[in-house]
Amino acid sequence: MAQTSMAQLNTDQSLSMLTLNQWFSYQDCTFLPLNNVPNKQLGLFSIAFAGDFNTSHVTSIIDFLAKHNQIVTAICQYQPDLGLAPALCFYTQNAEQAINPLELQTFSSTLDFQLVQVATPPNLYEPGLLVMDMDSTAITIECIDEIARLANVYDEVASVTALAMAGKLDFSESLNQRVAKLAGIEKSLIEELKNTLPLMPGIKVLCQILKQHNWYLAIASGGFVPFAERVQALIHLDEVHANVLEFEGDKLTGKVLGTIVDAQQKAVVLEMLQQKLGLEKIQTVAIGDGANDLVMMAKAGLGVAVHGKPKVVEQAQAAICQGSLLQLLYMLAIPLGEEPTILNRLG
């Protein structure tokens, strides 16, 4: 290890001298390389990402964690993909409890980065499972609201959607209310919307990388099958679970067929797939933005709110509050000696 990596740093200096994927101790503004890596079974990993970091950020984060009785014992700078900026991981061996994600968000936003905490992080380089919500997670829109826009009942439907996603209205009840307002919509309009679905930034590359490492990818959505199947084709998912709209002739009847994919059913899907694949819980990840994703996220080894409502961020294990979904890799590829360096993307 070069002597410069052991030098004392001024608070305005960058962290460019820190070797990527190398763990360091940090004391009295001095970085010292460590010969071992943290034990993923113990403590917490606090990940700072999506920022332009210098040593003043390091000091601020360490001080913030210390106020919550989390004493940092190791720091690592890493970059899990060339499409992501380097992140900083702070390891706290004896942390008893994670800080609420809303409080992490409030602190980190004042310094213009994002901060999450993960215990027993999944390992990207072993087979795993990602179950994702669809609307406002894998894609940027709420499909039912866009169908309602075509039917000129957008305001009525969107207001119910907002209540359901915020957890203020039972999802199944809200779904039936909203779908009832769509009676008479032509099937051709559904097809038109299906063919113009906007993917969430980063989701396609994220899925590509996960598939490269033998992860199983699924959607569990309170949305509808035609759209879920379109997303499946776009980002090469293994399977989808969504609600079935009833058609009579070429028009919607305003009814949903079969079992409604609500909060509990999403959790059932995740547990069913975990058992089917023979995975440990630690290798399961669930992501979503609404209150109806919380049960599924709680059942996963790692549950991540994606651009979520405050209630969802508060109850999630971690949250990506802005930017690309590729940032999920920060939580899956912490350098713990399980696989080296930056990933190579598929062509």
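Is Glu239 buried or exposed, and what is its relative accessible area? I began with this residue, keeping in mind that I am reading a predicted model. Glu239 turns out to be buried, since its relative accessible area is 15% and the cut-off for that class is under 20%. I placed the residue in strand E9, which runs over residues 239-248. I also looked up how Glu239 stands to Ala151: the two are 88 residues apart along the chain, and their C-alpha atoms are separated by 30 Å.

**Entry on cavities**

I next searched the whole structure for enclosed space, and the search returned 2 cavities of 30 Å³ or more. For the largest of them I noted a volume of about 130 Å³. I then asked which residues line this cavity and lie closest to its centre. The lining is made of 15 residues, and those closest to the centre are Asp135, Glu142, Phe171, Gly222 and Gly223. When I sorted the lining of the largest cavity by element, helix H5 (171-180) and strand E8 (216-224) came out as the elements that give two or more residues. Strand E8 gives the most, with 4 residues. By class, I recorded 6 charged, 5 nonpolar and 4 polar residues in the lining of the largest cavity.

**Entry on cysteines**

How many disulfides does a search of the whole structure find? I found 0. Taking Cys89 as one case, I noted that the nearest cysteine sulfur belongs to Cys76 and is 6.8 Å away, whereas a disulfide would need the two sulfur atoms within 2.5 Å. Cys89 is buried, with a relative accessible area of 0%. For Cys143 I looked up the closest cysteine sulfur, which is that of Cys207, and at 16 Å it is too far for a bond. Cys143 is likewise buried, and its relative accessible area is 0%.

**Entry on aromatic rings**

The search of the whole structure gave me 8 aromatic pairs. In one of them, Tyr26 and Phe31, the ring centres are 4.4 Å apart and the planes stand at 40°, so I entered the pair as tilted. Both Tyr26 and Phe31 are buried.

What is the arrangement of the rings of Phe64 and Phe107? Their centres lie 4.0 Å apart and their planes are at 5°, so I entered this pair as stacked. Phe64 belongs to helix H1 (residues 55-67) and Phe107 to helix H2 (residues 101-109), so the contact ties together parts that are 43 residues apart in sequence. I checked burial for each partner: Phe64 is buried at a relative accessible area of 10%, and Phe107 is buried at 16%. Phe64 and Phe107 also belong to one aromatic cluster, which they form with Phe53 and Phe113.

**Entry on charges over rings**

Finally, I looked for charged side chains placed over aromatic rings. The charged end of Arg149 sits over the ring of Tyr154, at 4.1 Å from the ring centre. For Lys187, I noted that the charged end sits over the ring of Phe247, at 5.3 Å from the centre of that ring.

Note on methods. Residues are numbered from 1 along each chain as its sequence is written. This is a predicted model: local features need pLDDT of at least 70, side-chain atom pairs count only at pLDDT 80 or more; totals for chains, interfaces and linings use all residues. Side-chain values use heavy atoms; hydrogens and water are left out. On a 1 Å grid over the protein atoms alone, a cavity is a set of points where a 1.4 Å probe fits but cannot get out, and a pocket is an open set with protein on both sides within 12 Å along at least five of seven lines; lining residues have an atom within 4 Å of a point. Grid points are joined across faces, edges and corners, and a volume is the space filled by probe spheres set on the points. Ala, Val, Leu, Ile, Met, Phe, Trp, Tyr, Cys and Pro count as nonpolar, Asp, Glu, Lys and Arg as charged, and the others, Gly among them, as polar. Buried means under 20% relative accessible area, exposed over 50%, partly exposed in between (1.4 Å probe, protein chains only). Rings of Phe, Tyr and Trp (its six-membered ring) pair if their centres lie within 6.5 Å; planes under 30 degrees apart count as stacked, over 60 as edge-to-face and the rest as tilted. A charge sits over a ring if NZ of Lys or CZ of Arg is within 6 Å of the ring centre and within 35 degrees of the ring normal.
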